[in-house]
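Reader: Hi! I have a protein model open and would like to talk through how its helices pack and where its empty spaces are. Could you help me get started?

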Amino acid sequence: MSFYHTPKTLSAFDAKFEAQKIAFGPISFQVAHCLLKFEVLATIDQAGEQGLSIAQLAQTSVLNEYALGVLLDMGLSMGLVWLNGDAYVLDKTGYFLLHDDMAAINLYFVQDVCYQGLFQLDKALVAGKPSGLAVFGDWQTIYPALKDLPAQAKASWFAFDHYYSDHAFPQILPLVFAHSPKHLVDIGGNTGKWALSCCEFNPEVEVTLMDFPGQLAVAKDNAAKHGFAERIHTFATDLLDESRPFVEGADTYWMSQFLDCFSQEQILSILQRTTQAMTPNSQLFIVETFWDRQPSAASAYCVNATSLYFTAMANGNSRMYHSKDLITLLHQAGLYVDEDTDNLGLGHTLLRCKRKP
């Protein structure tokens, strides 16, 4: 990763323009959201290079010419559309905003889960608590609240969470099963998507999920629907409660996009208890999207932005980590990295860890 180690090659004029984009960033975001919500970009896209005028768009839109005009004027400045005479034509950025799955997943996650709460980011930074979560209710962290979030927020949260993991699973499954796991303990198993993938990939493996009771109830239903009720087991717990035991003696432990949900102190505690539960022959697989191991500046941008969701909305004290920070915690917990694989899925890293001799 070399893209953060030299200054940007921008003129002073261009740098000043970038500063204005930041100043008006919330307005740009809501314009993009509205152009998608009211299907303005989709309608323009269907018109092709010919484009559509404001008057033509108003004939089929719930928005009048005034509303369309203010949105599309800003859309011009954002590079979403361009003018061919008096007709608006979809530009490249608008095309990807409309058609790229990742852009849609990220946008609706920010809109439905993060946007209102991020107004409290300053308070969250000072307090070390997810001050923005109050827009949804009175919870200490977002995780036990997931089942009670408004329907749209819940849908966007799980879509965001699953999108990134789902893209990594096809590449990661062969790497994990090359080590012939028989009993895999999924720490922070959520609704069981990884457990289902394991059972579909291998006909013999058994999986135990550790998580809050609410998530595990959904996981049980999912296991039954897919015919894996006898091979997917649950272990309800609060993973931050140091008095609660972990499942002991399994040959394989698994944490996928899990440790970034906690502070470094909490991560160390979880890793120490995992180490205690492992046998000398057990293995621990960790999947994370480390910001320092991203293949492009675009992916690093998305990862670093996600850290602020953790700050304002999730728990107030976790983030997307630098890989060196997590590896240091692994060593403190009595573990070492036996295998290390980057660039899986959408910028994922797979660490295979074992107990120190």
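Author: Happy to! One term to begin with: a crossing is left-handed if the near helix is turned anticlockwise from the far one by less than a right angle, and right-handed if clockwise. Also keep in mind that this is a predicted model.

Reader: Okay, so which hand is the crossing of α7 and α9?

Author: The α7 and α9 crossing is left-handed. Helix α7 covers residues 101–114 and helix α9 covers residues 151–177. Their axes come within 8 Å and cross at roughly 140 degrees.

Reader: What do I call that, oblique or parallel?

Author: Angles over 145 degrees count as roughly antiparallel, and α7 and α9 are therefore oblique to each other.

Reader: Which residues in α7 and α9 meet?

Author: On the α7 side they include Met102, Ile105, Tyr108 and Phe109. Among their partners in α9 are Ala153, Trp157, Phe160 and Tyr163. By class, this contact of α7 with α9 has 11 nonpolar, 3 polar and 2 charged residues.

Reader: Cool. And how do α9 and α10 pack?

Author: Helix α10 spans residues 193–201, and α9 packs with α10 at an angle of about 40 degrees. Their axes are 10 Å apart. This crossing is right-handed.

Reader: Who meets whom in α9 and α10?

Author: From α9, the residues include His162, Asp166, Phe169 and Leu173. In α10 they meet Lys193, Trp194, Ser197, Cys198 and Phe201. The contact of α9 with α10 has 9 nonpolar, 2 polar and 2 charged residues.

Reader: Back to α7 for a sec. What angle do α7 and α13 pack at?

Author: About 15 degrees, with the axes 12 Å apart; α13 is the helix of residues 297–314. That angle makes α7 roughly parallel to α13. The crossing of α7 and α13 is left-handed.

Reader: And which residues meet there, between α7 and α13?

Author: Asn106, Phe109, Val113 and Cys114 in α7 meet Cys302, Tyr309 and Met313 in α13. By class, that contact has 6 nonpolar, 1 polar and no charged residues.

Reader: New topic: how many cavities of 30 Å³ or more are there?

Author: The count comes to 1 cavity of 30 Å³ or more. About 30 Å³ of space lies in the largest cavity.

Reader: Which residues line the largest cavity?

Author: Gln111, Asp112, Val113, Cys114, Tyr115, Gln116, Gly117, Val135 and Phe136. They divide into 5 nonpolar, 3 polar and 1 charged. Val113 and Cys114 came up a moment ago too, as α7 residues that meet α13.

Reader: Last one: what volume does the second largest pocket have, and what lines it?

Author: The second largest pocket has a volume of about 200 Å³. Its lining is made of Tyr4, Lys8, Leu10, Glu18, Ala297 and Tyr301. By class, that lining has 4 nonpolar, no polar and 2 charged residues.

Key:
Residues are numbered from 1 along each chain as its sequence is written. This is a predicted model: local features need pLDDT of at least 70, side-chain atom pairs count only at pLDDT 80 or more; totals for chains, interfaces and linings use all residues. Side-chain values use heavy atoms; hydrogens and water are left out. Axes are lines fitted to C-alpha atoms, for helices over the stretch in contact, and angles run from 0 to 180 degrees between N-to-C directions. Helices (H or I, at least four residues) and strands (E, at least two) are DSSP runs, numbered from the N terminus. Angles under 35 degrees count as roughly parallel, over 145 as roughly antiparallel, 65 to 115 as roughly perpendicular and the rest as oblique. Contact means heavy atoms within 4.5 Å. Ala, Val, Leu, Ile, Met, Phe, Trp, Tyr, Cys and Pro count as nonpolar, Asp, Glu, Lys and Arg as charged, and the others, Gly among them, as polar. On a 1 Å grid over the protein atoms alone, a cavity is a set of points where a 1.4 Å probe fits but cannot get out, and a pocket is an open set with protein on both sides within 12 Å along at least five of seven lines; lining residues have an atom within 4 Å of a point. Grid points are joined across faces, edges and corners, and a volume is the space filled by probe spheres set on the points.
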